[in-house]
Amino acid sequence: QGMTQSPVPLTQTKPLTLLNVLMGVWVIGGVLFLTYQFIGYLLFKRKALRWSKEPADARINNILREIAADMGLKKEITILISKSISSPLMTGFSKPLLFLPNEGYSDTDLDFILRHELTHYKRRDLWYKLFLIIVSAIHWFNPFVHLMFREASADLELSCDDKVINGL
């Protein structure tokens with residue numbers, strides 16, 4: 001006689017709930033935010049490197065080495081002049097790069113600028129900013145977190161200036 005086949009159970013699909021939709025939107029928003037930040041960083045770094053050159057003035061590298069030694073920094077830091085940036089900055093997690101927009105600084109200004117940027121490096125401020133970006137990605141929907149990020153970044157600059165000024 002005919003054998004009866006038991007019905008093959010279909011995979012059960014979970015009903016689409018509001019919570020599932022919100023979780024999906026939250027994850028997609030966070031991924032898009034991080035992607036936007038990462039691509040922006042890469043494009044900025046590429047542009048800064050494209051238009052950069054080593055300082056023609058040996059005085060800049062000499063002052064950088066003196067300050068780095070004075071601050072107890074062991075890692076070699078590359079300094080570049082780039083017309084594509086508007087103010088001095090430090091970038092790079094594994095290979096630090098210090099960018100200056102030009103070479104026309106007095107010794108006093110150069111000392112302050114380099115101490116400021118090296119203080120960021122010594123305090124690992126780049127890692128702190130990365131942490132703030134990750135927090136902003138998790139809370140991408142919250143405008144207060146973005147305000148907190150902007151204020152924390154400004155505080156980072158002020159505390160760095162304060163440390164440099166008090167050390168001089």
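**Exercise 1.** State in what order the elements of the chain run from the N terminus on.

*Solution.* Helices (H or I, at least four residues) and strands (E, at least two) are DSSP runs, numbered from the N terminus. The chain has five helices and four strands. Their order is α-β-α-β-β-β-α-α-α. The model is predicted: local features need pLDDT of at least 70, side-chain atom pairs count only at pLDDT 80 or more, and totals for chains, interfaces and linings use all residues. Residues are numbered from 1 along each chain as its sequence is written, and side-chain values use heavy atoms, with hydrogens and water left out.

**Exercise 2.** Work out which strands stand at the edges of the sheet.

*Solution.* Two strands pair if DSSP finds at least two bridges between them. Step one: the four strands form an open sheet with mixed pairing, in the order S1-S2-S4-S3. Step two: S1 (52-53) and S3 each have a single partner strand, so these two are the edges, and one side of each lacks a neighbour in the sheet. Step three: take one pair, S3 and S4 (residues 97-100), which is antiparallel over three bridges. Here Leu 89 is opposite Phe 99 in S4.

**Exercise 3.** Explain why the chain is described as more spread out than a compact globule.

*Solution.* The radius of gyration is taken over C-alpha atoms, and the globule rule is 2.2 Å times the number of residues to the power 0.38. For 168 residues the rule gives 15 Å; the chain has 25 Å, well over that value, so it is more spread out than a compact globule. Along the principal axes, the C-alpha atoms fill a box of roughly 100 × 35 × 30 Å.
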